[in-house]
Amino acid sequence: VREQLKNSPRNAFLHYLLAEVLIRQGPAAGSPEFRRALAAAEQAVRLQPDLNLARNLLSRLYFDNGQAKLAIAQCRAVLQADPHDPVAIYRLMRALKSSGDPQAAAELPDLLRRFNEARELASQKEAQESRYRLVEASATPRP
């Protein structure tokens, strides 16, 4: 990924991918590798603000780093673009709960309802896609 970034330094998806690879190695919050992942995710969002994969990852990194307010902002940005994103809703619930903001508690029941709806929609979509895959696989002629 780093080699590809040398050739395409303004490719937001490559920055996101680098952040994802780095964070999957399990660095502790605040470590140099964690900070590199955070910087890569931030760069991905700067380059392509509508890349929700990067925003979701960035919200996770902020949350893991104890920056609940920044995590909340990223979750809200994702939910503006996709109100049914279960990852953003779940992380928003966690960040609001940990923020200590008393007004956040009032928002949690609605978010929980939205989260359950989003999970149901995701399950339906996955079932629909699986059904089509089965049809496509069985429609393949055999020699």
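These legends walk through a predicted model, from the whole chain to its aromatic pairs.

**Figure 1. The whole protein is built from helices, seven of them, with zero strands.** Starting at the N terminus, the elements simply run α-α-α-α-α-α-α. The C-alpha trace stretches over about 60 × 45 × 25 Å along its principal axes. A compact globule of 143 residues would come out near 15 Å in radius of gyration, but this protein has 18 Å. As for what's tucked away, 34% of the 143 residues count as buried.

**Figure 2. A close-up of helix α2 shows F13 and Y16, both in that helix.** The structure holds two aromatic pairs, and here the ring centres of F13 and Y16 sit 5.6 Å apart with the planes at 45°, so this pair is tilted. The two residues are three apart in helix α2 (residues 12–24), or about one turn of the helix. F13 is partly exposed, at 39% relative accessible area, while Y16 counts as buried at 10%.

**Figure 3. A second close-up shows Y90 and F115, an aromatic pair that is tilted.** Their centres are 5.7 Å apart, and the planes meet at 40°. This pair ties together distant parts of the chain: Y90 belongs to helix α6 (residues 86–99) and F115 to helix α7 (residues 102–138), with their positions 25 residues apart in the numbering. Y90 is partly exposed, with a relative accessible area of 39%. F115 has 12% relative accessibility, so F115 counts as buried, the cut-off being under 20%.

Technical notes. Residues numbered from 1 in each chain as written. Predicted model: local features only at pLDDT ≥ 70, side-chain atom pairs only at ≥ 80, totals over all residues. Heavy atoms only, no water. Phe/Tyr/Trp six-rings, centres within 6.5 Å; stacked < 30°, edge-to-face > 60°. Helix = DSSP H or I, 4+ residues; strand = E, 2+ residues; numbered from the N terminus. Buried < 20%, exposed > 50% of the residue type's maximum accessible area, 1.4 Å probe, protein only. Rg over C-alpha atoms; globule rule 2.2 N^0.38 Å.
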